[in-house]
Amino acid sequence: MAETARNTYQLQITTNSPLAYSLFLLCLRCKRFDESERELLRYRIAVASGTVGVRADTVIVPPCSTTSIVSSTSQFQQHDFRNSHFTRTWDAKMSVNSEAARQELINICAQQLSSFQRSGDAFCIFSKVTAGTGGVYGEYISHIPPAPSIATDLQQQSPRTLFVLDSSFNPPTLAHMRMAASAIRSTKAKLADDARLLLLLAVNNADKAPKPAAFPLRMAMMQLFAQDLITTLTSSSSTEDVHAEGLTIDLGLTTGPYFHEKSRVIAESGLYPSQTEQVFLAGYDTLIRIFNPKYYGAAGGMREALEPFLGRSRLRITMRTDDAWGGREDQLAYVEGLRDGGLEDVGGLAAWCDRVDLVDGDEEAVSSTKVREAAKSGDGAALEKLVSPRVKVFVISERLYAEEK
Ligand SMILES: Nc1ncnc2c1ncn2[C@@H]1O[C@H](COP(=O)(O)OP(=O)(O)OP(=O)(O)O)[C@@H](O)[C@H]1O
Ligand SMILES: NC(=O)c1ccc[n+]([C@@H]2O[C@H](COP(=O)(O)O)[C@@H](O)[C@H]2O)c1
């Protein structure tokens, strides 16, 4: 092991991953850490090719917490990530068609979820997917403690605009994809530097009890959805897509069911620059709920919650013009009504409407509910029109929603 900087250690091993993990953790165990060290200790392990999707692993160990990290086992599966930042790089060769690769993805997501839930934190990023010249590549990340040095690591491509697609991802649909793609295409920014997409899964929902699929399966589908989205954005020869190269998609978890909470914990995480403008991508049905005082407790609660939220965030609202929410004109009229006193009537400010951009959606109704119904009845042709290719393979292969009541 060679010390390459005061607090950075590089351990290079050329072997397949199980042995590499063991040796790596053994080295961590043997090392005594100086509790006065202010900086994080960074270990990097490189493993030889031959294991699906694995190229390199990095563990960043905060001082004073290493005993719990290396306490019990050298097995990757039982490793306690609570105080560590773990990234695992994968590449597009990881095929959703391989049962072993899917299982590995689900296992990693389950570990990441349990690490997040034990942490008591309100927000984390568990994975990053990037559009590169050679295709899609990305990293799995364990729960990330809110340490400044790590925040700096993740800020290398500081976004001016952070699009946030908050969803139950149960499962992610083509409607979600079109909302995200349309938002990304709407920016003329050089995306690698100026814009970022965050796919955010709330482990608590304002209205719904947790239902199938389990959260690790949804996290796995977020990963596949992100790859499909990048494929969509980069495969077209249209000039509007040229900036997608370099786009990073962060995958996150949050405990907060409400948008004002999600926005605050993202801002307070330190993972994005303070001047980053958040743009939440949501549907018309969700806009109605954001401006419903029933979610905000006592009188004045809505204003207290939404004023700081809409101060830092915009809402890009996609109209949902299938039968449940009325037609396009009705939806435009609802927003006009909010501006003309409707919001003040419920304790809000008419000016909040300036933070809302209403955009057209698809005429055809696409929803996660429809996907679950199609999956349950084994209707592959319907699935094709509702979800992206990798998500479709995952839903069918893992028999998701097949038993749903
Ligand atoms: N077809 C659509 N058009 C416009 N917005 C949509 C559409 N589908 C989903 N959304 C929006 O995307 C966000 C996340 O959606 P969500 O995960 O609740 O999907 P859903 O299809 O509405 O789910 P479910 O069918 O399980 O209720 C919400 O703000 C929702 O309004
Ligand atoms: N007032 C609010 O902030 C508010 C109200 C209803 C739902 N939500 C959230 O909107 C997101 C989408 O909700 P559904 O999955 O129920 O469509 C969820 O994260 C949910 O918790 C927020």
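# Exercises on a predicted model

The shell around ligand 1 draws at least two residues from each of α5 (174-186), β11 (277-283), α9 and α12 (368-376). The model is a predicted one.

**Exercise 1. Describe the shell around ligand 1: how many residues does it have, which come nearest, and how do they divide by class?**

Step 1. The shell has 17 residues, and A175, A282, G283, T286 and T369 come nearest to ligand 1.

Step 2. Place these in the elements. A175 falls in the range of α5, 174-186, A282 and G283 in that of β11, 277-283, and T369 in that of α12, 368-376. Helix α9 covers residues 284-290, and T286 is in that range.

Step 3. Divide the shell by class: 3 residues are nonpolar, 12 are polar and 2 are charged.

**Exercise 2. Describe the shell around ligand 2, and state which helix gives the most to it.**

Step 1. Here there are 14 residues, of which A206, P257, Y258, R289 and Y295 come nearest.

Step 2. By class, 7 are nonpolar, 3 are polar and 4 are charged.

Step 3. The largest contribution, 3 residues, is from helix α9 (residues 284-290). Helix α9 also supplies at least two residues to the shell around ligand 1.

**Exercise 3. Trace the strands that pair from β8 to β13, and say why β11 counts as largely enclosed.**

Step 1. Start at β8 (residues 161-167): 5 bridges join this strand to β11, and the two run parallel. In this pair, L162 has Q278 of β11 as its bridge partner.

Step 2. Move on to β12 (residues 313-318), which is joined to β11 by 6 bridges, again in parallel. Here V279 has R314 as its partner, and G283 stands opposite T318.

Step 3. End at β13 (residues 356-359): 4 bridges link this strand to β12, and the two run parallel. I317 is partnered by L358 in β13.

Step 4. Now count burial in β11. Of its 7 residues, 5 are buried, so the strand is largely enclosed by the rest of the structure.

**Exercise 4. Which residues have the most contacts inside the largest nonpolar core, and which residues does L281 touch?**

Step 1. The largest nonpolar core has 88 residues, and F163, A180 and L281 have the most contacts inside it. Helix α7 (residues 215-235) provides the largest share of this core, 12 residues.

Step 2. Leave out residues up to four places away in sequence; L281 then touches F163, V164, L165, M179, A180, A183 and R316.

Step 3. Compare the two lists: F163 and A180 appear in both.

**Exercise 5. Check the span of helix α3 (residues 99-119), and list its buried residues.**

Step 1. The helix has 21 residues, and at 1.5 Å a residue the expected span is 30 Å.

Step 2. The end C-alpha atoms of α3 are 30 Å apart, which agrees with that value.

Step 3. The buried residues of α3 are R102, L105, I108, C109, Q111, Q112, L113, S115 and F116. An α-helix has 3.6 residues a turn, so residues three or four places apart point the same way.

Step 4. Look just past the end of α3: G120 takes a positive phi of about 75°.

Terms used. Residues are numbered from 1 along each chain as its sequence is written. Chains are lettered from A and ligands numbered from 1 in the order in which they are written. This is a predicted model: local features need pLDDT of at least 70, side-chain atom pairs count only at pLDDT 80 or more; totals for chains, interfaces and linings use all residues. A nonpolar core is a set of buried Ala, Val, Leu, Ile, Met, Phe, Trp, Tyr and Cys residues joined through C-beta atoms within 7 Å. A residue is buried if 20 or more other C-beta atoms lie within 10 Å of its own, exposed if 12 or fewer, and partly exposed in between; C-beta atoms are placed from the backbone. Two residues are in contact if their C-beta atoms, placed from the backbone, lie within 7 Å. A residue is near a molecule or strand if its C-beta atom, placed from the backbone, lies within 6 Å of it. Ala, Val, Leu, Ile, Met, Phe, Trp, Tyr, Cys and Pro count as nonpolar, Asp, Glu, Lys and Arg as charged, and the others, Gly among them, as polar. Two strands pair if DSSP finds at least two bridges between them. The expected span of a helix is 1.5 Å times one less than its number of residues.
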